[in-house]
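Colleague: Could you walk me through this one? I'd like to know what stands behind the labels you use.
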Amino acid sequence: MEKTHAKIANPRQGTTIVRVAVPIPLETLFDYSVPPHSDIPPIGGRVTVPFSGRILVGICVERSPKDPHEKPKDIIESLDIRPILSKELLDLAKWMSNYYFYPLGEVLATILPAQARKGQKLEIKREEVWRIKTGYAASDRAPRQKELLKFLETKGGQATLKEIKAEGFSSSIVKALSEKQLIYIKLPEETYVKALRIRQEAKVPVMNEEQVAVLKNINQNPDGFVATLIEGVTGSGKTEIYLRMIEAVCLKGKQALVLVPEIALTPQTLSRFKKRFGPSGVVTSLHSDLSDSERLQTWLKSENGEVQIVIGTRSAILTPFKDLGLIVVDEEHDSSFKQNEGLRYSARDVAAKRAQDLGIPILFGSATPALETLNNAEKGLYDHLHLKKRVAGAKLPRVKVIDIRGLTLKAGLSNEMLKALELHLNTGNQALIFLNRRGFAPTYLCSSCGWIKTCRKCDSKMTLHRKPDVLVCHHCGCKEPVRSICERCNGQQLKSLGLGTQRTEEALSEIFPEVPLIRIDRDNVKSHLQMQKQLDRINEGTPAILVGTQMLAKGHHFPNVTLVGIVDADSGFLSSDFRAPERTAQLITQVAGRAGRAERSGDVCIQTYQPDNLSLRSLIKNGYGGFARKELGIRKKSRLPPYQAMALIRAESEKGIEASTFLSELTNTINGDLEVLGPVEAPIARIDNRYRYQLLLLATTRAKLHDHVSRIKLDISRISNGNISMRKMKIGRTLKWSIDIDPYDTF
Ligand code: ADP
Ligand code: ZN
Ligand code: ZN
């Protein structure tokens, strides 16, 4: 971080003009002058400025040359003596603004913790820890002073002021010892030393040959930017490799950042890091369960180097560091790394950019790498290392496909699946039944006239939920009571069709009344704590059936699960989204990977109506690696990412015509070598009473795509300013639009 201290402006030198990014949806930066009595804000520091009748907190981005014709408005106040955004983060923000076509002021607002954004004072809250100086002599001290020294000794040489006071020692005794230089306030840096000592005491597994080889290969390039993909099957010990790399980085006094998909759902990961590297001062997590002030504290401590390892979800990639030495992106294929609103960034891609700019290594780890990442590895941009075996002798599970055509199913489960369940439960094991659909049933219909209950505000069906009985739209969230009369024919033959996790749970509890059922989906696990509760039940280890959605697929280690049943392999593969096969193969592989991760070997049963589906067959026959290479071939032929760069422009309005006209206007001005698909209705054409249209753009190179989108963006501002035809349209109010670079979801 630059330590540029503010200078008091010298009035004789004239006025300083600064260029400020404010959090509004406009591209432009705004010039303000610094009045002579005010501090000159540092680059990367916050200022309050007047802005069309309001006061905004902005970031001073650069000094501006003086324009003799115009004197801009004055800033109100410079809030920071030193920059709160380093040059490195500011440059990253500029890059993101450019790459994702999002105003710099709003990018910066995304990066800053809430309290910083609001202009509040930024201060690290630190508990005062008093420590004994080495080589002190307690002999000729006053009795109370001697007692305090004794107390500190019993606490391993140090205690917080709170603890000291709780023992009945007054501040004056502390002060007396401090003045005699027998005790001192501990500096935060000392945490490192402690952590490494703890690390030496912790049990560390002996790595197997594969792990040793991978680590050796990574270490061949210990300094500078190197990107490495570790493609390792589930349970192959990838995390152990991260831990070793992180340890090496910490020993050099540097920091490490670990990005994970959803930390609240995988408390195991965090506790593993904490066990290895010691208490909270060293390992800190950043996730959505934190309060604003907790988030700010981590932010500040990471910035000044007090926190050595930060583990966090998507937005943790925007944390400031004093001296970052390594980035790990675990489960790099996971869709949660991509933000789907506002600043639509991919934390994985931003991580790669950040590592490159900092000249540090980055590790991507997954059992099911994203096709983009595999392609980067194939092009030689990333090193590609493999872990093909599970650690400590655990075997990969046996996979069986169950052809359910023409079979009678019990709540969607075939006889064969039920037999397998019985067998595994009877031998004292646990089973996991995976179904990626929450609720009781996805369809509620009238069996006499065929009417289907749809959402009034969206073009989608409503899902039936039980306990309490209610119909829910999974797109807009609205709810309606369940009625037993058809809205079209007044008939009373209403029934639910299809399966959700609630129905599966209910059916299984009837078939296996003795066995505890543990359901895990977004309806009944909403927080870190609820997840931990369910995990604790699972970890008791007694026979149980776990029923759940993709929440169960993510990085969990369930040592007693030996059977994984996938109820419906088809729906994912059949979706029209071009990423659907990739996503489904990843999900199936990840869920299957929960089986037999410990000594006991595992079985996976996959039910399908389409045993000949090419994607499914290739996945089962050749594993994810083989499937992915085939799928890459298909993408190449169809000229889809990663072989072309993609942008998605979305527009929505209450009257569909506005959104579609808007996109057509943009399409008319496009010329040059760009593939343009649309404008078309979005796959879900209406959500929450807004009609949605989209325009897909594909270009052979990123540079070309960027040029085109830049021009389109200019057109959008011209339309907004009323310079082209759609004068009456009130963009931003009735019509909303967005640009999504490297979109993940195309619906
Ligand atoms: P992955 O991240 O590839 O899914 P993990 O790193 O979680 O795999 O490893 C699975 C389990 O095996 C963990 O409990 C871990 O502590 C343990 N483990 C890792 N490496 C070894 C090893 N070489 N020997 C024994 N156990 C190991
Ligand atoms: Zn009817
Ligand atoms: Zn709806």
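**Around the ligand**

Modeller: Sure. This is a predicted model. Helix α9 (residues 238-251) gives the largest share of the shell around ligand 1, 3 residues.

Colleague: Which residues of the shell are the closest to ligand 1?

Modeller: Of the 16 residues that surround ligand 1, the closest are Val206, Gln211, Gly235, Thr239 and Arg272. Sorted by class, the shell has 6 nonpolar, 6 polar and 4 charged residues.

Colleague: What makes the pair between the side chain of Thr239 and ligand 1 a polar contact?

Modeller: An N or O atom in the Thr239 side chain is 2.8 Å from an oxygen atom of ligand 1. The cut-off for a pair of N or O atoms is 3.5 Å, so 2.8 Å qualifies. The backbone joins in too: an N or O atom there lies 3.1 Å from a ligand 1 oxygen in Ser236, and 3.0 Å from one in Gly237. Both distances are within 3.5 Å, so these are polar contacts as well.

Colleague: How much of ligand 1 does the protein cover?

Modeller: 77% of the 560 Å² of accessible area that ligand 1 has on its own.

**Cysteines**

Colleague: Why is Cys60 called buried?

Modeller: Its relative accessible area is 0%. Buried means under 20%, so Cys60 fits.

Colleague: And why does Cys476 count as partly exposed?

Modeller: Cys476 has 24% relative accessibility. That value sits between the 20% limit for buried and the 50% limit for exposed, so partly exposed is the label.

Colleague: How many disulfides does the structure hold?

Modeller: 0: no pair of cysteine sulfur atoms comes within 2.5 Å.

Key. Residues are numbered from 1 along each chain as its sequence is written. Chains are lettered from A and ligands numbered from 1 in the order in which they are written. This is a predicted model: local features need pLDDT of at least 70, side-chain atom pairs count only at pLDDT 80 or more; totals for chains, interfaces and linings use all residues. Side-chain values use heavy atoms; hydrogens and water are left out. A residue is near a molecule or strand if one of its heavy atoms lies within 4 Å of it. A polar contact is a pair of N or O atoms within 3.5 Å; within protein, one must be able to donate a hydrogen and the other to accept it, and residues adjacent in sequence count only if both atoms are side-chain atoms. Accessible areas come from the Shrake-Rupley method with a 1.4 Å probe; for residues, only the protein chains shown count as cover. Helices (H or I, at least four residues) and strands (E, at least two) are DSSP runs, numbered from the N terminus. Ala, Val, Leu, Ile, Met, Phe, Trp, Tyr, Cys and Pro count as nonpolar, Asp, Glu, Lys and Arg as charged, and the others, Gly among them, as polar. Buried means under 20% relative accessible area, exposed over 50%, partly exposed in between (1.4 Å probe, protein chains only).
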